[in-house]
Structure formats: C-alpha cells, structure tokens
Amino acid sequence: MNTASTDLNAFAETVDEAARTAKAIEQFDQGAFDVETAYHIQSLSIQRRVARGEARSGIKMGFTSRAKMQQMGVHDLIWGRLTDAMMIAEGAEVEGQRFIHPRVEPEIAFVLGDDLCGEVSIPEAMACVECIAPALEIIDSRYQNFKFSLADVVADNASSSGYVIGPWAAPEEPIDNLGIVMNINGRPRQCGSTAAILGSPYRSLVHAARLAEIAGEPLQAGWVVLAGAATAAEHLQPGDQVVAEFQNLGSVAFSYK
Ligand code: OOG
Ligand code: MG
C-alpha cells in the first residue's frame with residue numbers, strides 16, 4: 001500500500017487522541033489501509049504515548065480464543081503494545097471518565113525473566129517465564145459502538161486500555177486447563193477455562209515472541225505478556241465490582257466508579 005507517512009501520522013493522531021480524551025471516533029473507511037499498515041499506525045500512536053512520558057511494559061495478544069473471535073466477528077490473531085500507564089493496581093477503584101465504553105475480560109499474564117525472540121518452542125517460551133498471574137483486561141475500542149474491521153482494531157492498539165494483575169505464581173504452576181469464573185457484583189457473568197486460549201496460554205506466548213520479533217521490538221525481560229481473553233468480554237457499568245477467580249491461582253479484582 002502506498003499510503004504517505006503523513007497520512008499514517010494523521011491516523012495515529014486520530015486514534016491516540018480518541019484514547020487520550022475518551023471520545024469515540026468513526027471507523028476508518030474500509031480499504032483506507034491494510035493490516036500491515038495498521039500495525040505501523042499502532043506503532044506511531046504508541047510513540048506519541050512514549051513522547052508523553054509513558055514507558056513500554058509489554059504486549060497483549062488478542063483473538064486467541066474462539067469466544068472472543070465470535071463475539072467481535074474477527075478471526076485473526078492480533079497484538080497490541082502495553083504501556084505502564086495502562087497498568088491498574090489490583091483491587092483499585094478505576095475512574096470511569098478515562099473510558100468510552102469499557103469491557104472486561106479474564107486473561108493470563110506472564111512476566112518474562114529473559115528476553116524471548118523469534119521462533120521458539122513451548123518449552124523454550126516456558127523457560128523464559130519468571131512468573132504467571134491471573135489478570136483482567138479492560139478493553140475500550142475507540143470506534144463508535146465498539147465496531148471495527150481487522151485493520152481498524154489493529155490501528156487502535158487492539159482496543160487496549162487497562163490491565164489488572166492478580167497474585168503472581170511460580171512458572172511451574174500448570175496453567176493449561178484452569179477453570180475461570182468472572183463475577184460482576186457477586187454474580188457469575190463468564191465461566192471458562194485457560195484451555196480456551198489456543199489450547200494453552202503458552203501458545204499465545206510463542207506467537208507473541210514471533211510477532212514482536214517481526215515488528216522489530218522483541219520481547220524483553222521484565223515485560224508483561226497478556227495471553228488474550230479466555231471468555232467473551234462483559235460491559236462495565238458504573239458501580240461494578242469485578243472479581244475473576246482462577247482455579248489454583250487465586251483471584252483478581254477491581255471496581256469501576
Ligand atoms: C479487541 C481486543 C481482543 C482479546 O483478549 O481477545 C482482546 C477487542 O475485542 O476489542 O483483547
Ligand atoms: Mg484482551
């Protein structure tokens with residue numbers, strides 16, 4: 001695609017400003033840019049965050065479960081860039097003003113003890129993990145009505161907005177098939193298993209290593225990798241208390257003001 005770099009900067013500014021000011025934008029025209037170009041726009045939008053003082057803290061994977069693909073009508077794996085400003089303390093009360101129409105979904109988080117680059121096997125990926133944790137991701141598409149094409153959602157940093165990490169566990173803890181219940185205001189709203197994430201969240205980490213390397217930003221020691229949601233996402237309403245319980249790993253919670 002021959003989209004001029006000034007156009008790419010304009011797209012990046014549009015998505016970044018929508019995120020910064022929590023104001024929805026229209027979807028870009030179908031065909032305005034392809035998926036590869038969308039990753040370039042994503043990178044430029046994150047550069048704007050970094051210029052404002054945010055630091056990269058890792059990456060997130062998206063559409064790694066059938067539940068999420070079906071909910072959003074997108075059937076390709078995607079990824080986005082995480083920054084420290086997206087991190088929300090476990091148990092915190094989150095201000096609603098920073099979001100447009102947030103949703104929450106249960107995930108597994110990894111912290112890497114070593115750099116992890118390129119084509120790796122599952123055992124190689126496992127050997128790089130320092131610890132694992134139950135996590136919640138708050139996604140908040142900048143597009144009106146949370147509707148997007150694959151290229152749109154990639155340009156919009158895979159809808160990433162916030163993430164909450166629960167208690168860390170040793171990497172030896174098996175995580176391939178752990179039950180998950182996500183409760184909102186004491187009621188179970190989503191039930192599932194970590195097996196829904198590509199059969200094992202470690203497969204998501206293998207993809208993350210490959211995709212980050214291709215982008216020229218290989219996974220670094222100390223980074224967080226979010227493996228992608230195991231269930232469909234749930235809308236957040238003011239006053240909601242969210243608690244996700246993970247078999248053997250404990251729970252992760254926040255409230256939405
Ligand atoms: C895109 C982000 C997908 C996941 O965990 O599958 C994602 C979206 O659903 O808006 O974060
Ligand atoms: Mg997610």
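**Close-up 1. Gln42 holds on to a backbone oxygen.** In this predicted model, the side chain of Gln42 reaches out to the backbone oxygen of Val154, at 2.9 Å. Gln42 itself belongs to helix H2, which covers residues 35–51. Its relative accessibility is 0%, so Gln42 counts as buried, the cut-off being under 20%.

**Close-up 2. Polar contacts of ligand 1.** Three protein groups face oxygen atoms of ligand 1 in this view. The side chain of Lys68 puts an N or O atom 2.7 Å from a ligand oxygen. At Phe63 the partner is a polar backbone atom, with a ligand oxygen 2.8 Å away. Glu137 joins in through its side chain, where an N or O atom is 3.0 Å from an oxygen of ligand 1. As for cover, ligand 1 on its own has 320 Å² of accessible area, and the protein covers 100% of that.

**Close-up 3. The shell around ligand 1.** Zoom out a little and there are 17 residues surrounding the ligand, with Lys60, Phe63, Lys68, Ser159 and Ala229 the closest. By type, the shell splits into nine nonpolar, five charged and three polar residues. The space that ligand 1 takes up is the largest cavity. Elements that supply two or more shell residues are strand E1 (56–62), helix H3 (66–72), strand E5 (103–112) and strand E6 (129–139). E1 chips in the most, with three residues.

**Close-up 4. Val206 in helix H6.** Here we look at helix H6, residues 201–214, which is where Val206 is found. Val206 has a relative accessible area of 19%, and because the buried class is anything under 20%, Val206 goes in as buried. For a sense of scale, take His101: 105 residues separate it from Val206 along the chain, and their C-alpha atoms are 31 Å apart.

**Close-up 5. Asn145, a loop residue with positive phi.** Asn145 has a phi near 60°, a positive value in a residue that isn't glycine. You'll find Asn145 in the loop between E6 and helix H5 (150–155). With 60% relative accessibility, Asn145 counts as exposed, since that class starts over 50%.

**Close-up 6. Asn248, another positive phi.** For Asn248, phi is near 70°, again positive without the residue being glycine. The loop in this view runs between strand E12 (241–246) and strand E13 (250–256), and Asn248 is found there. Asn248 is exposed, with a relative accessible area of 55%.

Notes:
Residues are numbered from 1 along each chain as its sequence is written. Chains are lettered from A and ligands numbered from 1 in the order in which they are written. This is a predicted model: local features need pLDDT of at least 70, side-chain atom pairs count only at pLDDT 80 or more; totals for chains, interfaces and linings use all residues. Side-chain values use heavy atoms; hydrogens and water are left out. A residue is near a molecule or strand if one of its heavy atoms lies within 4 Å of it. A polar contact is a pair of N or O atoms within 3.5 Å; within protein, one must be able to donate a hydrogen and the other to accept it, and residues adjacent in sequence count only if both atoms are side-chain atoms. Accessible areas come from the Shrake-Rupley method with a 1.4 Å probe; for residues, only the protein chains shown count as cover. On a 1 Å grid over the protein atoms alone, a cavity is a set of points where a 1.4 Å probe fits but cannot get out, and a pocket is an open set with protein on both sides within 12 Å along at least five of seven lines; lining residues have an atom within 4 Å of a point. A molecule sits in a cavity or pocket if more than half of its atoms lie within 2 Å of its grid points. Helices (H or I, at least four residues) and strands (E, at least two) are DSSP runs, numbered from the N terminus. Ala, Val, Leu, Ile, Met, Phe, Trp, Tyr, Cys and Pro count as nonpolar, Asp, Glu, Lys and Arg as charged, and the others, Gly among them, as polar. Buried means under 20% relative accessible area, exposed over 50%, partly exposed in between (1.4 Å probe, protein chains only).
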